[in-house]
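Colleague: Could you pick one part of this model and take me through it slowly? I'm a first-year student, and plain words would help a lot.

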Amino acid sequence: MEDNSISQMCLKCEKAHKRTEQRLRESNERLELAQYVANLGSWEFNAKKDEAIWSKQLYNIFELSPETKAPNIAEYSKLIYPDDLSMVAEKARAFQANGKLGDAISFDYRILTPKGSIKILHTERRVIEGDEN
């Protein structure tokens with residue numbers, strides 16, 4: 001009897017897990033659609049590893065292939081319009097050095113895409129995780 005009860009619990013857990021995965025997939029699809037419609041991209045950046053994760057729409061904005069790895073700081077810097085590079089770098093440096101959990105900044109800057117387009121971007125940056133030491 002006990003084995004049957006454990007099997008039933010496992011089956012219920014597996015079904016709940018599958019429902020949760022399906023809801024997560026659907027939520028991600030809605031997010032991708034909303035970003036596409038709004039022409040809005042999102043990203044995460046791990047400063048310690050110099051690694052980023054970009055949304056599909058951010059790749060589209062930068063006219064890059066979503067199959068490529070998101071650029072690191074040096075690669076990203078090459079996409080910033082040369083006249084704006086020092087301003088963006090200084091804001092990023094100051095924010096990284098002084099930003100605490102929940103802090104945010106926003107500013108506008110230009111990019112120069114690999115296809116030669118010049119675009120004006122508005123960025124909103126927020127510290128969502130960090131060292132609490």
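Modeller: Let's start with a bit of vocabulary: a residue is called buried when its relative accessible area is under 20%, exposed when it is over 50%, and partly exposed in between. Keep in mind as well that this is a predicted model.

Now try that scale on Lys119. Its relative accessibility is 23%, so Lys119 counts as partly exposed. It makes a good place to begin, and here is who it pairs with. Lys119 forms a salt bridge with Glu63, and their closest N and O atoms are 3.5 Å apart. This pair links distant parts of the chain, with Lys119 in strand β4, Glu63 in the loop between α2 and α3, and the two positions 56 residues apart. As a general idea, side chains of opposite charge can pair when their charged atoms come close.

Stay with Glu63 for a moment. Its backbone has a positive phi, near 55°, even though this residue is something other than glycine. Asp50 has a similar story to tell: it is not a glycine either, and its phi is positive at about 55°. You'll find Asp50 in the loop between β1 and β2, and with 29% relative accessibility it counts as partly exposed.

Back to the charged pairs. How many salt bridges does the structure hold? There are five, and besides the one with Lys119 I'd like to show you two others.

In one of them, Lys56 pairs with Glu32, with 3.5 Å between the closest N and O atoms. Lys56 belongs to helix α2 and Glu32 to helix α1, so this salt bridge ties together parts that are 24 residues apart in sequence. Glu32 comes out at 39% relative accessibility, which means it is partly exposed.

The other stays inside a single helix. Lys18 and Glu14 form a salt bridge, again with 3.5 Å between the closest N and O atoms. Why does a gap of four residues in helix α1 matter for Lys18 and Glu14? Being four residues apart there, they are separated by about one helical turn. Glu14 has a relative accessible area of 44%, so it is partly exposed too.

Helix α1 spans residues 2-38, and it has more to show. Is Gln35, which lies in this helix, buried or exposed? Its relative accessible area is 7%, so Gln35 is buried. From Gln35 to Lys119, our starting residue, you travel 84 residues along the chain, and their C-alpha atoms are separated by 17 Å. Tyr36, also in helix α1, has 57% relative accessibility and therefore counts as exposed. Together with Leu33 and Val37, Tyr36 forms a nonpolar patch on the surface, with about 370 Å² of accessible area for the three.

Next, the strand of Lys119 leads us to the largest pocket. Strand β4 (118-126) is one of the elements that supply at least two residues each to its lining, and helix α2 (56-61) is another. Also among them are β1 (43-46), β2 (51-54) and β3 (104-112). The space in this pocket is about 1,900 Å³. Its lining has 49 residues, and the closest to the centre are Trp43, Glu44, Phe45, Asn46 and Arg126. Sorted by class, the lining has 26 nonpolar, twelve polar and eleven charged residues.

Asn46 deserves a second look. It sits in strand β1, and its relative accessible area of 32% makes it partly exposed. Asn72 is 26 residues from Asn46 in sequence, and their C-alpha atoms are 9.7 Å apart in space.

Two loop residues can finish the tour. Leu79 lies in the loop between α3 and α4, and it is buried, with a relative accessible area of 10%. The C-alpha atoms of Leu79 and Arg110 are 8.8 Å apart, with 31 residues separating the two in sequence. Pro114, in the loop between β3 and β4, is exposed at 54% relative accessible area. Between Pro114 and Pro82 there are 14 Å from C-alpha to C-alpha, and the two are 32 residues apart in sequence.

Technical notes: Residues are numbered from 1 along each chain as its sequence is written. This is a predicted model: local features need pLDDT of at least 70, side-chain atom pairs count only at pLDDT 80 or more; totals for chains, interfaces and linings use all residues. Side-chain values use heavy atoms; hydrogens and water are left out. On a 1 Å grid over the protein atoms alone, a cavity is a set of points where a 1.4 Å probe fits but cannot get out, and a pocket is an open set with protein on both sides within 12 Å along at least five of seven lines; lining residues have an atom within 4 Å of a point. Grid points are joined across faces, edges and corners, and a volume is the space filled by probe spheres set on the points. Ala, Val, Leu, Ile, Met, Phe, Trp, Tyr, Cys and Pro count as nonpolar, Asp, Glu, Lys and Arg as charged, and the others, Gly among them, as polar. Patches are made of residues with over 30% relative accessible area and no salt bridge: like charges are joined within 9 Å, nonpolar side chains (Val, Leu, Ile, Met, Phe, Trp, Tyr) within 5 Å. Accessible areas come from the Shrake-Rupley method with a 1.4 Å probe; for residues, only the protein chains shown count as cover. A salt bridge is a side-chain nitrogen of Lys or Arg within 4 Å of a carboxyl oxygen of Asp or Glu. Buried means under 20% relative accessible area, exposed over 50%, partly exposed in between (1.4 Å probe, protein chains only).
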